[in-house]
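Reader: I am new to this structure and would be grateful for a close look at one part of it. Could you please describe the surroundings of the annotated active site, and then show how that part fits into the rest of the chain?

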Amino acid sequence: MTGTTASSTGSTHSVETLPLWAAPYATKPVDATVTVPGSKSLTNRFLVLAALADGPSRLRAPLHSRDSVLMIQALRQLGATVTEVPGDGDYGPDLEITPMDPSASGAATSIDCGLAGTVMRFVPPLAALRNGPTLFDGDPHARKRPMGTIIEALLALGVPVATEGGRTPSALPFSVDGTGEVRGGHLVIDASASSQFVSALLLVGARFTEGLHLEHVGKPVPSLDHINMTVAVLRGVGVKVDDSVPNHWRVAPGPIHAFDQRIEQDLSNAGPFLAAALATHGTVRIPNWPTETTQVGDLWRTILVEMGATVTHENGTLTVKGGPEIRGADFDETSELAPTVAALCALATGPSRLTGIAHLRGHETDRLAALAAEINRLGGDAEETADGLIIRPATLHPGVVHSYADHRMATAGAILGLAVPGVQVEDIATTSKTMPEFPQMWEAMLQQGTGDDETVTSEASN
Ligand SMILES: O=C(O)C1=C[C@@H](OP(=O)(O)O)[C@@H](O)[C@H](O)C1
Ligand SMILES: C=C(OP(=O)(O)O)C(=O)O
């Protein structure tokens, strides 16, 4: 099957013809138990730390997806060894990592960042600790994602960053000419376009000779939960981080201890499955939901209640029961959860307002423009604001949801398709960024309770 192309959003959307996926329409309430693959954010943080650690590390139940594969490939190019070894559960192989050797001089190498924010932001500071030139590039849209802050930070740290012809770049592609050593010290950046700028520098700061005192100036840093995750992960591997003063992070110089770490399920990616409970007025259970976590996806426990669901967390299982209707609500700073929230808002009986997500314009696509365009394309009533979206109740009709190479646009389309017959999602394969088995898991979720009810796991495609 072939698809049409997006047109009216002003977003950067490819004019290629991409396949369409007939989103399953739920003919009855879903009643399913689902487990999702490992967290992207935790997997890629621990991979970076393993490459800098003081000995070999092991990641248990890591994510295996495009973004983690790109990170693994990048670390290998910087001189780390990453080996798959049998895992102990349903999550595919574990990973053993031997760190890179900053003193070894390396030939020029060219790293593909794909569309992965964690790769394009976290790896250049790591390349500054390698002795040799490293070229960075990515997918066409990756060249449009904000990168200036990382480039300026490296330049301020004395690390040469250049683009073709020796010019100072403001975006991908560029090369980092590392010497294996960075002095560090006080560094002032503007991280208002992405929390990943802060996380990227904190992750490597302990390996700078003088450590790092990072200071943010400018509009507020978004996605603070992800910075808190970085700080917690660093402390877990023995790095001293002082974040007691807002907008200042002090990382003491010192070793990063090797580790043996199990990765939590990706709670953000649990979102579309939990949303299915609301969209079909059914029940979705997710076992092994962590009691304590730094993942922003734990916010589902409050967000979904505000939208009319009943949420319980008992014996480790999160159970979400959809109410008779989806209630509209106002949400501030939903970060990477916003596309899933927006899809539910488009199915709600009352109006919703999402605020504090202006920086989503720099995500995989301009998500505010894309969400408004795709909801409206199905007959919805969504309006972009300077920092978010207003979504009002409307009766949706069949149509194509374009995904803009954005995994969360594709899963938002799948949620809409549960409640609206005749929705087709363009390029569902783009979910491989963080959840390669998504289409199979989604269809298996709907099969549960029909006599063919296997628990859905991330290995559903096997
Ligand atoms: O550090 C991370 O793992 C992430 C940080 C956030 O980035 P932004 O601060 O750019 O939103 C989030 O949206 C992204 O999906 C993952
Ligand atoms: C913004 C996201 O990804 P990235 O890590 O590429 O920034 C996301 O997954 O929602």
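Author: The unreviewed UniProt entry gives the annotation "active site" to Glu336. The model discussed here is predicted, and the description starts from this residue. Glu336 is located in the loop that runs between strand E18 (330-332) and helix H9 (338-346). Glu336 counts as buried because 24 other C-beta atoms lie within 10 Å, where 20 or more are needed for that label. Setting aside residues up to four places away in sequence, Glu336 touches Ser268, Val296 and Arg408.

Two of these names, Glu336 and Arg408, return in the surroundings of ligand 2, together with Ala116, Gly117, Thr118, His363 and Glu364. Sorted by class, this shell consists of one nonpolar, three polar and three charged residues. Both domain 1 (20-37 + 265-447) and domain 2 (40-262) supply at least three residues to the shell around ligand 2.

The record also carries a "binding site" feature, again from an unreviewed entry, at Lys40, Ser41, Arg45, Ser194, Ser195, Gln196, Ser223, Glu336 and His363. Among these, Ser41, Ser194, Ser195 and Ser223 are listed with His226 as the closest of the 13 residues that surround ligand 1. Helix H3 (117-127) and helix H5 (196-205) are the elements that give two or more residues to that shell. By class, the shell around ligand 1 has one nonpolar residue, 11 polar residues and one charged residue. Here too, domain 1 and domain 2 each contribute at least three residues.

Two of the serines deserve separate attention. Ser41 belongs to helix H1 (residues 40-52). Ser41 is classed as buried because 31 other C-beta atoms are found within 10 Å. Beyond its neighbours within four places in sequence, Ser41 is in contact with Thr118, His226 and Met229. Thr118 is also one of the residues around ligand 2, and His226 is among the closest to ligand 1.

Ser194, by contrast in setting, lies in the loop between strand E10 (185-189) and H5. Ser194 is likewise buried, since 23 other C-beta atoms lie within 10 Å. Its contacts, apart from neighbours within four places in sequence, are Gly117, Arg121, Pro146, Pro222, His359 and Gly362. Gly117, one of these contacts, also belongs to the surroundings of ligand 2.

A helix that packs against two of the elements already named is H4 (residues 148-156), in which Thr149, Ile150, Ile151, Ala153 and Leu154 are buried. These buried residues pack against H3, strand E8 (161-162), strand E9 (174-179), strand E10 (185-189) and H5. H3 and H5 are the elements named above for the shell around ligand 1. After H4 comes Gly158, which has a positive phi near 85°.

The two domains complete the picture. The chain is divided into domain 1 (20-37 + 265-447) and domain 2 (40-262), and the centres of the two, taken over C-alpha atoms, are separated by 29 Å. In the contact between them, 16 residues of domain 1 meet 21 residues of domain 2. On the side of domain 1 that touches domain 2, five residues are nonpolar, eight are polar and three are charged. The annotated Glu336 thus belongs to the shell around ligand 2, and that shell draws residues from both domains.

How values were computed:
Residues numbered from 1 in each chain as written. Chains lettered and ligands numbered in written order. Predicted model: local features only at pLDDT ≥ 70, side-chain atom pairs only at ≥ 80, totals over all residues. Near = placed C-beta within 6 Å. Nonpolar A, V, L, I, M, F, W, Y, C, P; charged D, E, K, R; others polar. Domains from an automatic or database assignment. Helix = DSSP H or I, 4+ residues; strand = E, 2+ residues; numbered from the N terminus. Contact = placed C-beta atoms within 7 Å. UniProt positions renumbered as here; feature names shortened; annotations may be inferred. Buried ≥ 20, exposed ≤ 12 C-beta atoms within 10 Å, placed from the backbone.
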